[in-house]
Amino acid sequence: MSAPLIIFFVLAALAVLGALSLIFQKHPIHSALSLIVVMVALAGLYLLMGAEFVAAVQIIVYGGAIMVLFIFVIMLLNAGEEERTDFSKLAKFAGLPLAVALTGVIAAAIAHSHEAVTGAPAVATVSDTGKLSNMLFQDFVYPFELTSFLILVAILGAIVLAQREKN
Amino acid sequence: MIDSLLHFLNEYGFWIITIVKIALLVFIVLTVNAYLTWFERKVVAHIQSRWGPHRVGPHGLLQPAADGLKFLFKEDPTPNGVDKFVYYLAPLLALALSLTSLAVIPFGPDPLPFKVLGQEVYLWIANPNIGLLILFSVTALSVYGIALAGWASNSKYPLMGGLRSSAQMISYELALTMSVVGVLLMANSFSLPEIIRAQDGRMAWGLLPAWNVIAGPFPQIIGFICFFIAAIAETNRAPFDLPEAESELVAGFHTEYASFKFAMFFIAEYTAMITVSCLATIMFFGGWLSPFPASWTFVHYLPSLLLIPSGLWVIYDGIKYETIFGRIILPGVGTAITAIGLALILFPGVNLFIQPIFWFLAKVFLFLFFYVWARGTLPRLRYDQLMNLGWKLLLPISIANVIFTATVILWRTR
């Protein structure tokens with residue numbers, strides 16, 4: 001096995017284990033930490049595919065900023081351990097079959113699409129920061145600006161809600 | 001047998017050299033950290049008209065060793081009700097992340113003049129073309145060490161300290177990141193060696209080096225000031241050391257940590273200081289570039305000129321030192337320093353090779369001194385002042401700096 005393949009399997013295992021741990025941990029902080037593991041493992045996978053800029057942004061934005069806020073809120077609320085409730089009736093009977101079915105569909109989709117999964121050339125074009133910015137600010141400038149506008153609206157909404165609370 | 005060994009060495013030479021370099025760098029940085037504490041205590045003591053450590057070894061020079069032993073042998077109690085996993089994870093995370101960030105720092109331009117195991121040995125561990133982004137992503141993650149330590153301790157002072165520090169680090173990370181964007185625009189690269197090479201040149205009729213802080217389309221002096229203030233806050237150092245304000249919070253986030261776990265936080269903090277000083281040197285002060293024109297070959301003797309007199313002074317001071325131990329050790333150290341200075345004169349090749357490294361380390365040392373100086377002279381900010389400074393002053397100024405720099409570059413290139 002070559003070194004990149006070994007690193008891929010280690011990172012993929014980390015991501016999957018982190019995701020499982022995120023669900024099964026009882027304490028919110030432990031769940032949040034598991035989510036950070038998932039984020040960092042994904043960043044490693046991006047790095048492996050040569051998308052260095054995306055990997056760094058993944059860690060800075062998701063691993064750093066967003067997850068710090070999660071942890072910050074959990075610490076401020078001083079949230080204790082969750083209590084497990086009984087599963088809902090639907091989840092009890094339909095949950096496992098549905099999960100298996102979904103996994104089967106995804107696996108089948110991946111298995112049947114050889115060309116689509118090997119997205120290496122597409123990734124290679126955005127590995128360079130300059131090319132990435134060209135794509136963002138020239139080729140896809142309208143979708144990009146619209147998305148920023150959406151985020152701005154969300155920020156304003158948050159401020160309005162916080163102000164109403166104060167009044 | 002020997003053939004297969006040679007084959008193995010050639011095949012895996014890159015890995016072996018990298019691992020040796022990492023071990024060497026960690027060893028050097030830990031030693032420098034230890035003597036940084038000695039340096040800090042001495043300088044702060046002299047600022048406050050005291051002597052500082054002077055009992056353990058001549059001039060207190062063995063104090064770091066004594067501290068290290070004390071950290072190792074102290075009892076290491078774990079308080080009741082802590083979250084065991086996170087409580088042990090936090091110091092490990094803090095130390096590991098702060099050491100990781102050193103991996104991308106370039107200490108010199110040229111590889112060693114000889115090849116080792118058929119490989120060129122450069123003075124950095126890794127040279128990714130997104131070096132700066134990697135540094136920032138490690139900084140972004142290093143909040144966790146402190147925040148989690150505060151939370152896991154199950155005690156109110158650490159929790160307050162942890163909350164304060166996470167709020168502070170999130171706030172100042174923005175200003176820190178924005179203040180270097182100007183440099184990135186001028187250098188057109190995320191790679192740290194490339195950023196340094198972009199500053200190579202002379203300005204003002206060859207009198208001044210064309211470093212980013214004074215040169216370029218738009219001098220980054222404002223960016224530098226924002227960067228350094230934000231960096232002091234980001235590393236939780238005085239006057240922004242509110243997470244561990246001892247008059248309010250006992251010791252902040254590491255109140256419940258003792259022995260070596262406390263030492264790990266300590267080492268992490270000092271390593272972060274070194275990283276930030278290296279970064280300031282690279283981004284704004286030309287990294288390994290000499291401040292003098294290349295034609296002034298006589299400045300190559302500057303390292304010797306500093307080493308020989310200080311070595312002679314240490315010998316002179318040692319001969320009349322109070323204790324016998326000092327009378328033996330100090331002249332020995334002084335002779336070694338003088339000998340290194342003389343050797344640099346005798347071997348011009350070596351002298352030429354260490355010039356960039358000398359300038360890099362000299363600049364880093366100046367920034368470290370600045371850190372200590374700020375700690376010794378400035379009073380701690382109040383919490384609301386800290387937040388106002390970060391959000392209402394540093395962030396707008398650094399954003400304005402980015403806009404001005406971008407405008408000037410755009411105008412120049414048209």
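Me: Where in chain B is N188(B) found?

Reply: N188(B) sits in the loop between α8 (181–187) and α9 (192–197) of chain B. Keep in mind that this is a predicted model.

Me: Why is N188(B) called exposed?

Reply: Its relative accessibility is 69%. Exposed means over 50%. The value is over that cut-off, so N188(B) counts as exposed.

Me: What makes the phi of N188(B) worth a remark?

Reply: Its sign. Phi of N188(B) is near 60°, a positive value, and the residue is not a glycine. N236(B) is another non-glycine residue with a positive phi, about 60°.

Me: Where is N236(B), and is it buried or exposed?

Reply: N236(B) lies in the loop between α10 and α11 of chain B. Its relative accessible area is 3%. Buried means under 20%, so N236(B) is buried.

Me: What makes R237(B) and E40(B) a salt bridge?

Reply: The closest N and O atoms of the pair are 2.5 Å apart. The rule asks for a side-chain nitrogen of Lys or Arg within 4 Å of a carboxyl oxygen of Asp or Glu. At 2.5 Å, R237(B) and E40(B) meet that limit, so the pair counts.

Me: Why can this pair be said to tie together separate parts of chain B?

Reply: R237(B) is in the loop between α10 and α11 (246–249), while E40(B) is in helix α2 (residues 13–47), so the pair links parts 197 residues apart in sequence.

Me: How do you know whether R237(B) and E40(B) are buried or exposed?

Reply: Set each value against the 20% cut-off for buried. R237(B) has 4% relative accessibility. E40(B) has a relative accessible area of 1%. Both are under the cut-off, so both count as buried.

Me: Which residue meets E40(B) in a salt bridge at 2.7 Å?

Reply: R375(B), with that distance taken from N to O. R375(B) lies in helix α15 (residues 348–377) and E40(B) in helix α2, so this pair ties together parts that are 335 residues apart in sequence.

Me: Why is R375(B) called partly exposed?

Reply: Its relative accessible area is 40%. Buried needs under 20% and exposed needs over 50%, so R375(B) falls in between. Salt bridges that share partners join R375(B), E40(B), R237(B) and E269(B) into one network.

Me: How many salt bridges does the whole structure hold?

Reply: The search finds 8 over all chains. One of them joins R382(B) and D384(B), at 2.9 Å from N to O. D384(B) is partly exposed, at 38% relative accessibility.

Me: How do you know that E234(B) has no salt bridge?

Reply: The nearest side chain of opposite charge is R237(B), 13 Å away. The limit is 4 Å, so the pair fails. E234(B) is nonetheless buried. E234(B) lies in helix α10 (residues 221–234) of chain B. Residues touching E234(B) include T139(B), M169(B) and Y172(B).

Me: Why is L346(B) called exposed?

Reply: The relative accessible area of L346(B) is 63%, over the 50% cut-off, so L346(B) is exposed. The residue belongs to helix α14 (residues 324–346) of chain B.

Me: What is the area buried between chain B and chain A?

Reply: About 2000 Å², with carbon and sulfur atoms giving 81% of it. On the chain B side, Y144(B), W151(B) and L163(B) lose the most area to chain A, together 30% of what that side buries.

Me: Which polar and charged links cross between chain B and chain A?

Reply: There are 0 salt bridges between the two chains. The rule does find 2 residue pairs in polar contact across the interface. Helices α4 (84–100), α5 (131–141), α6 (143–152) and α7 (156–179) of chain B each supply at least two residues of the side that touches chain A. The largest share, 6 residues, comes from α7(B). By type, that side of chain B has 17 nonpolar, 4 polar and 1 charged residues.

Me: What is the secondary structure of chain A?

Reply: Chain A has 8 helices and 0 strands. Of its 167 residues, 20% count as buried.

How values were computed. Residues numbered from 1 in each chain as written. Chains lettered and ligands numbered in written order. Predicted model: local features only at pLDDT ≥ 70, side-chain atom pairs only at ≥ 80, totals over all residues. Heavy atoms only, no water. Buried area = accessible area lost by both parts, 1.4 Å probe. Polar contact = N/O pair within 3.5 Å; in protein donor to acceptor, adjacent residues only side chain to side chain. Helix = DSSP H or I, 4+ residues; strand = E, 2+ residues; numbered from the N terminus. Nonpolar A, V, L, I, M, F, W, Y, C, P; charged D, E, K, R; others polar. Buried < 20%, exposed > 50% of the residue type's maximum accessible area, 1.4 Å probe, protein only. Lys, Arg positive; Asp, Glu negative; His and termini not counted. Contact = heavy atoms within 4.5 Å. Lists of a residue's contacts leave out its neighbours within four places in sequence.
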